[in-house]
Amino acid sequence: DGRANANTSVLAGGATEWKPLSAFPELFVAPSSPGSNVSSTAPGNGVDFTEQILASDVQLRIGSCFSRAWTLVMSRFWLSVGATFVVFMLVWISGTFFVVGLLLGYVLWGGLDGMFLKLTRGHTTGFEDAFAGFKSAFVQLMLFSLVSQCLVLVGFLFCLLPGIYLMLAWLIFGPLLVMDKGFEFWPAMEVSRKVVNRHFWKVLL
């Protein structure tokens, strides 16, 4: 909303020390004017931020993932189920036209991912957020959808296992990196793949 900048002091949950927003790379404070879109120099497109992601790590607990997901969906049941149903139907309909499905599949899924991310963060969220991919990152999500799905299909055609691997490596986290972090499609695919590789079997499960 343009109400904060890199120098705005914030207090992270559970912390005791106030810090400027620029100290939190996950918030992607870009060196741009208030209200403007994330620029190409934002951390999400930079090598330094990619290295920060790859230098850190997380503990992936499958049970916790399911528990948090259940709590999240039940807290906004009709929004969660309704938006997912509509997006699923639109993906299915677009998929009947092969090229349209390749181009728009992850524009739709990316918007839905973004909506759930907003819910997870406790932000005010509405049905229209499920379609934010068409507004905020249409070109990059369309390129992500086309390139990733084509390569996954090639992987499935040559052998089932490469297709499964590429699907897990790219299609789960890639759209979120484009939507939330301002990555271009190929860096998003590469960072997603490298992170998934660290926890491949848990991600598969």
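Biologist: Let's start with burial: how many residues does the protein chain have, and what percentage of them count as buried?

Modeller: This is a predicted model, and in it 30% of the 205 residues of the protein chain count as buried.

Biologist: Which secondary structure elements make up the chain, and in what order?

Modeller: The protein chain has 10 helices and 2 strands. Reading along the sequence, you meet the pattern β-β-α-α-α-α-α-α-α-α-α-α.

Biologist: Where is the confidence lowest, and where is it highest?

Modeller: Begin with the overall score: the mean pLDDT of the protein chain is 84, and 86% of the residues reach at least 70. Helix 1 (residues 47–55) has the lowest confidence, at a mean of 70, while helix 3 (residues 77–95) has the highest, at 96. There is also a stretch, residues 29–44, where the pLDDT is below 50. Beyond near neighbours in sequence, that stretch has 19 contacts in the model.

Biologist: On to the interior. What general idea should I have in mind when I look for a nonpolar core?

Modeller: In soluble globular proteins, nonpolar side chains tend to be buried together. Here the largest nonpolar core has 11 residues: Leu72, Leu79, Ala83, Val87, Val91, Leu108, Leu112, Met115, Phe116, Leu119 and Ala130. Helix 3 and helix 4 each supply at least two residues of this core, and the largest share, 5 residues, comes from helix 4.

Biologist: Take one member of it. Which residues does leucine 72 touch, leaving out those up to four places away in sequence?

Modeller: Leucine 72 touches Ser80, Phe116, Leu119 and Thr120 on that count. Phe116 and Leu119 also belong to the largest nonpolar core.

Biologist: Now a polar residue. Why does aspartate 129 count as buried?

Modeller: The cut-off is under 20% relative accessible area, and aspartate 129 counts as buried because its relative accessibility is 14%. You'll find aspartate 129 in the loop between helix 4 (98–120) and helix 5 (133–136).

Biologist: What does its side chain reach, and at what distance?

Modeller: The side chain of aspartate 129 reaches the backbone nitrogen of glycine 126 at 2.7 Å. Not counting residues up to four places away in sequence, aspartate 129 touches Gly111, Met115, Lys118 and Thr124. Alanine 83 is 46 residues from aspartate 129 in sequence, with 9.1 Å between their C-alpha atoms.

Biologist: And valine 58, is it buried or exposed?

Modeller: Valine 58 is exposed, because its relative accessible area is 51% and the exposed class is over 50%. Valine 58 sits in the loop between helix 1 and helix 2 (62–75). From valine 58 to arginine 198 you count 140 residues along the sequence, but 9.6 Å in space, C-alpha to C-alpha.

Biologist: How do I read long-range contacts across the chain as a whole?

Modeller: Take contacts between residues at least 6 apart in sequence: in the protein chain, 59% of them join residues at least 24 apart.

Biologist: Last one, pockets. Which residues line the second largest pocket?

Modeller: That pocket has a volume of about 150 Å³. Its lining includes Val91, Phe98, Tyr106, Trp109 and Gln149. Helix 3, helix 4 and helix 6 (138–158) are the elements giving two or more residues to the lining, with the largest share, 6 residues, coming from helix 4.

Definitions and conventions:
Residues numbered from 1 in each chain as written. Predicted model: local features only at pLDDT ≥ 70, side-chain atom pairs only at ≥ 80, totals over all residues. Heavy atoms only, no water. pLDDT = per-residue confidence, 0-100. Helix = DSSP H or I, 4+ residues; strand = E, 2+ residues; numbered from the N terminus. Contact = heavy atoms within 4.5 Å. Buried < 20%, exposed > 50% of the residue type's maximum accessible area, 1.4 Å probe, protein only. Polar contact = N/O pair within 3.5 Å; in protein donor to acceptor, adjacent residues only side chain to side chain. Core = buried A, V, L, I, M, F, W, Y, C linked by side-chain atoms within 4.5 Å. 1 Å grid on protein atoms, 1.4 Å probe; cavity = no way out; pocket = protein on both sides within 12 Å on 5 of 7 lines; lining within 4 Å. Points joined across faces, edges and corners; volume = space filled by probe spheres on them.
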